[in-house]
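Open the model in your viewer and keep the selection panel at hand. Each stop below says what to pick next and what is there.

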Amino acid sequence: MKQNNNKPLPKRLLDKFAPTFSEGGKLSWLHSFYEAMETFFYVPTDVTKKGAHVRDCNDMKRTMFMVIIALVPTILFGMWNIGFQRIDGADHTIWQNFWWGFWQMLPSILVTYIVGLSIECAFAQIRKEEVNEGFFVSGILIPLIIPIGTPLWMTALATAFAVVIGKEIFGGTGMNIFNPALLARLFIFFSYTSSISGEAVWFADARTGATPLGELANTGTTSVSMLDAFIGTIPGSVGETSTLCILLGAIVLLATGTASWRTMLSVFVGGLVMGGIFNLIAPATPVTPTEHYMALPAWQHLLLGGFAFGAVFMATDPVTSAQTNTGKYIVGFMIGALAILVRVFNTGYPEGMMLAIIFMNALAPVVDHYVVQANIGRRNRRAKRAAKTINA
Amino acid sequence: MSKVIKIKKGLDIKLVGEAEKQVVTLSVGERYAVSPLAFEGVVPKLLVAEGDKVLAGSALFYDKAHPEVMFTSPVSGSVSAVRRGEKRKLLAIEVMADEQQSYKPFSIDLKKASREELVAVLLESGLWASIIQRPYGIIADSKDTPKAIFVSGFDTAPLAPDMNVALKEDMEAVQAGFDALKVLCPNVHLSLPAKGESILEAVQGVEKHHFAGPHPAGNVGVQIHHIDPINKGEKVWTVGVQNVAIIGRLVLNGKLDMTKTYAVCGSQVAHPQYVRAMVGASLVQVLMPCRIKPQAGGSKFRIIEGNVLTGKKVTANDYMSLYSSQVTVIPEGGELELIGWLAPRLNKLSVSRTYFSWLMPKKRYNLATGVNGGERPFVVTGLYEKYLPMDIYPMYLFKAILAGDLEKMENLGIYEIVEEDVALCEFVDPSKQNLQALVRDGINLMIKEM
């Protein structure tokens with residue numbers, strides 16, 4: 001016992017409850033949860049048994065945590081913006097607006113984490129694996145990309161769908177084909193279309209209005225300036241409005257090497273190129289919504305809607321994006337280009353980013369296949385050449 | 001100097017405890033042993049019993065699948081023990097060395113001898129086992145003639161021995177060894193470091209290549225890939241450069257002298273330096289002149305035969321095998337770390353810029369054996385590629401191995417790699433997978449099915 005007292009408090013608590021959660025203990029059905037807590041507080045003390053005796057100190061927790069860090073500016077700004085966008089938002093102080101937005105957003109964050117992590121723990125328990133860190137990121141992404149007014153039951157249902165159908169049936173984090181957070185939004189989009197599209201959804205109660213993209217489609221102009229769109233003081237999903245905060249996140253992701261610069265850059269290039277093409281073919285006096293979109297300067301596309309957020313935090317998901325470096329350029333470019341294409345031609349739903357990413361998630365393995373096939377081709381040609389020289 | 005081949009991908013893991021450039025030569029000492037486990041894929045058939053007298057060069061066992069391949073005693077003396085494990089698995093044959101060494105005579109004159117005669121002598125002397133075939137990294141088949149023989153003249157692994165120190169007294173033997181290899185296959189490639197003057201520049205009659213860049217530039221597999229890659233159906237041989245010297249001594253003196261110079265290194269060695277000892281020497285003997293640092297209460301250390309990336313965990317009661325040229329002693333990890341994944345961890349090494357190692361490129365680390373995280377499926381992409389300087393998609397190859405898809409493994413380059421080539425991928429992997437073991441499983445599956 002004496003030795004026990006030398007241990008720090010969390011360790012003592014963990015040790016104390018270890019038998020309860022172990023096999024045969026009262027709460028053994030929560031073992032995966034206990035293990036998640038244990039490895040959260042203490043890095044597993046395992047030493048190498050096979051292969052390299054020393055290992056890099058980076059692990060999945062650190063990697064995933066970096067994404068959360070990168071999201072912090074966006075989250076904080078988003079909370080403030082919820083408050084600012086209410087009808088009398090401008091009359092309140094920064095803190096009042098932030099506090100109001102914080103309480104608006106907290107329930108949906110809690111709901112996503114509780115629903116998602118419960119399902120993750122249950123599957124980890126069944127598979128006798130450790131709980132994967134992947135959902136720590138998905139769990140915060142979901143509240144950031146759905147409308148703030150989304151009913152909590154809908155959030156819960158969408159999260160459950162994303163985790164079970166999007167991830168667990170494929171085998172969990174690392175095996176999934178589609179970005180789980182986007183699947184949650186997709187689920188709401190297709191199942192409760194009237195609640196997510198149209199003009200009235202991007203605000204917490206007290207005020208309704210259209211997003212700049214919606215406005216643009218309807219009237220051909222938007223009431224927001226591009227500076228507002230860059231800083232983010234515009235209506236929209238919590239996470240997507242501030243291009244500035246998203247760029248801060250991008251700097252964190254790229255400086256730490258957590259996200260692929262190849263994907264990120266290619267998405268923006270793809271968007272610019274497609275936007276530029278439309279600029280060239282747009283009629284001089286746009287009339288229809290599509291023509292309005294065509295005429296929107298390409299760089300402004302990147303500031304509006306979910307484009308930047310998708311490019312930085314969604315398209316770069318290593319599991320669902322392309323896995324080869326060449327593939328990353330191609331898939332990134334296609335996401336950017338498709339997002340603008342959908343925006344321009346599907347004006348009923350003025351946001352192409354989600355569909356573009358989901359679509360390219362599905363195509364990424366195909367792109368990779370051809371990249372890898374090229375490698376195989378090189379190897380086979382080399383063998384043929386060698387065989388020829390021997391025969392000659 | 002020939003064209004320098006620049007390796008860009010890779011990583012030099014800088015550790016404390018580099019061997020000082022001085023060589024201690026050990027006397028013959030007492031206990032030696034040969035373990036069949038050191039030879040990949042060999043099923044041993046014992047040829048001696050406890051109490052038998054043997055000469056240096058007498059066969060102790062042979063490979064059941066290749067009865068011509070003998071494994072011999074490095075010293076003369078009497079067989080003191082035959083160690084067996086579960087299911088009577090042969091673990092080691094121990095030989096108590098005589099004070100005066102006597103040698104089994106092997107006579108070969110390279111100027112007159114035919115290739116067959118040389119092969120026969122190598123097989124009988126136990127040195128055939130030093131010739132490793134690629135693909136698969138197994139002992140070469142004596143009936144084959146390879147496309148080429150590759151020797152790496154330098155080692156870039158963490159704390160690896162400097163060949164200029166290790167081979168200083170062996171240059172005559174090294175040349176004789178290369179002459180012998182040329183009889184086996186006229187096409188012999190020797191890779192040398194582009195930086196610094198290698199003692200091996202003096203070797204005549206081989207094709208020399210120069211490599212620059214971080215580890216694994218010194219790995220023979222990487223060198224082969226850049227000089228003349230292995231295609232399907234081709235076989236090449238590789239020999240460790242110190243084992244070339246042992247072959248040379250056999251050719252020059254007509255007797256088996258398995259002396260090697262080991263770098264004894266690592267943070268837990270009190271006097272890291274070079275030790276000249278014979279293959280089969282006990283680790284107690286090799287570690288004696290260098291000593292392990294006294295350990296503070298409760299802390300443990302790990303002795304590794306080889307380097308920290310590819311070596312084998314051993315105890316002081318084990319013996320040096322034919323293939324290693326280094327002994328590393330590092331602290332055993334496993335300390336409690338409160339929320340360690342969030343800590344700055346200034347004393348740990350990471351290639352990830354989420355830590356600070358990249359700001360201190362010159363820093364030497366005292367790394368312990370902790371895994372630093374839990375095992376996860378493949379998540380991060382594009383990382384392995386940075387540490388495998390070959391035109392190979394490592395993650396696709398790993399997945400093909402996991403799926404047991406032979407055709408894919410073949411197409412994706414399994415013939416070109418062995419465990420050591422993916423050791424750095426394993427080091428950097430945030431998913432903490434055992435990739436070297438995975439590659440061996442894949443190779444064994446290929447051997448079984450092809």
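**Stop 1: a mixed sheet in chain B.** Select S2, S17, S16, S20, S18 and S19 of chain B. In this predicted model, these 6 strands form an open sheet, and its order is S2-S17-S16-S20-S18-S19. The pairing is mixed. Now colour the two ends. Strand S2 (20–25) and strand S19 (312–314) of chain B each have a single partner strand, so one side of each has no neighbour in the sheet. Look across the strands next. On average, neighbours in this sheet are turned by 30 degrees against each other, direction ignored.

Stay in the sheet and pick out one pair. Strand S16 (residues 259–265) and strand S20 (residues 326–331) of chain B run parallel, joined by 3 bridges. Label B:Val264 in your view. Which residue stands opposite B:Val264 in S20(B)? The residue to label is B:Val327.

**Stop 2: a hairpin in chain B.** Select strand S8 (residues 77–84) and strand S9 (residues 90–97) of chain B. They run antiparallel, with 7 bridges between them. For a cross-strand pair, show B:Val82 and B:Ile93, which stand opposite each other. S8(B) and S9(B) form a hairpin, and 5 residues lie between the two strands. Zoom in on the turn. B:Lys87 sits there with a positive phi of about 50 degrees.

Now add strand S5 (residues 53–54) of chain B. S5 pairs with S8(B) in the antiparallel sense, over 2 bridges. Here B:Val54 stands opposite B:Gly77.

**Stop 3: a covered strand in chain B.** Select strand S13 (residues 188–193) of chain B. How many of its 6 residues are buried? The count is 6 of 6, and the strand is mostly covered. Show the side chains. B:Val188, B:Leu190 and B:Leu192 point one way. B:His189, B:Ser191 and B:Pro193 point the other way. Both sets are buried.

Add the partners of S13(B). Strand S12 (residues 149–152) of chain B runs parallel to S13(B), with 4 bridges. Strand S14 (residues 207–212) of chain B is also parallel to S13(B), joined by 5 bridges. Centre on B:His189. In S12, B:Phe150 stands opposite B:His189. In S14(B), the bridge partner of B:His189 is B:Glu207.

**Stop 4: chain A.** Hide chain B for a moment. Chain A has 18 helices and 0 strands. Its C-alpha atoms fill a box of roughly 80 × 80 × 35 Å along the principal axes. Of its 392 residues, 52% are buried. Consider its contacts between residues at least 6 apart in sequence: 70% of these join residues at least 24 apart.

**Stop 5: where the chains meet.** Bring chain B back. The contact involves 63 residues of chain B and 52 residues of chain A. On the chain B side, select the elements that give two or more residues: strand S18 (301–305), helix H7 (394–403), helix H8 (406–412), helix H9 (423–428) and helix H10 (435–449). Which of these elements gives the largest share? H9(B) does, with 4 residues. S18 also belongs to the sheet at the opening stop.

Finish by colouring the side of chain B that touches chain A by residue class. You will find 29 nonpolar, 20 polar and 14 charged residues there.

Notes
Residues numbered from 1 in each chain as written. Chains lettered and ligands numbered in written order. Pairing = 2+ DSSP bridges. Axes fitted to C-alpha atoms, helices over the stretch in contact; angles between N-to-C directions. Contact = placed C-beta atoms within 7 Å. Nonpolar A, V, L, I, M, F, W, Y, C, P; charged D, E, K, R; others polar. Buried ≥ 20, exposed ≤ 12 C-beta atoms within 10 Å, placed from the backbone.
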